[in-house]
Amino acid sequence: MAEMKSMFRKVLPKQGQLSVEDTTPTVLCNPKLLPLKSLTLEKLEKMQQVAQDTVHQQELAEKEKQQITHRTMT
């Protein structure tokens, strides 16, 4: 093996460009968790829930009003 090393010698170019290829190792980043629902969908669901709550409150108020008018009639 020592004989093989002596057979080859390093040659550096004196003119022209010297090219060195350096490959960077693959760097893995931390996994990022994606939300199951988009922010827009969450906003729409929240708006829908608020609208349903408002309608429910209006229905309850109307029922109470009908009960009060029914009691006063009898």
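**Exercise 1.** Why does glutamate 45 count as partly exposed?

Solution. This is a predicted model, in which local features need pLDDT of at least 70, side-chain atom pairs count only at pLDDT 80 or more, and totals for chains, interfaces and linings use all residues. Residues are numbered from 1 along each chain as its sequence is written, and side-chain values use heavy atoms, with hydrogens and water left out.
- Start with the classes: buried is under 20% relative accessible area, exposed is over 50%, and partly exposed lies in between (1.4 Å probe, protein chains only).
- Glutamate 45 has 34% relative accessibility, so the residue counts as partly exposed.

**Exercise 2.** Find the salt bridge partner of glutamate 45 and state the accessibility class of that partner.

Solution.
- A salt bridge requires a side-chain nitrogen of Lys or Arg within 4 Å of a carboxyl oxygen of Asp or Glu.
- The structure holds 1 salt bridge.
- Glutamate 45 pairs with lysine 37, and their closest N and O atoms are 3.0 Å apart.
- Lysine 37 is partly exposed because its relative accessible area is 38%.

**Exercise 3.** Place lysine 14 and leucine 60 among the secondary structure elements and classify their exposure.

Solution.
- Elements are DSSP runs numbered from the N terminus: helices are H or I with at least four residues, strands are E with at least two.
- The protein chain has 2 helices and 0 strands.
- Lysine 14 sits in the loop between helix H1 (2–7) and helix H2 (39–73).
- With 83% relative accessibility, lysine 14 counts as exposed.
- Leucine 60 belongs to helix H2, and its 41% relative accessibility makes leucine 60 partly exposed.

**Exercise 4.** Compare the chain with a compact globule, then give two C-alpha separations.

Solution.
- The radius of gyration is taken over C-alpha atoms, and the globule rule is 2.2 Å times the number of residues to the power 0.38.
- A compact globule of 74 residues would have a radius near 11 Å, whereas the protein chain has 40 Å.
- The C-alpha trace spans about 120 × 30 × 10 Å along its principal axes.
- Buried residues make up 0% of the 74 residues.
- Lysine 14 and glutamate 59, 45 residues apart in sequence, have C-alpha atoms 92 Å apart.
- For leucine 60 and histidine 70, 10 residues apart along the chain, the C-alpha separation is 15 Å.
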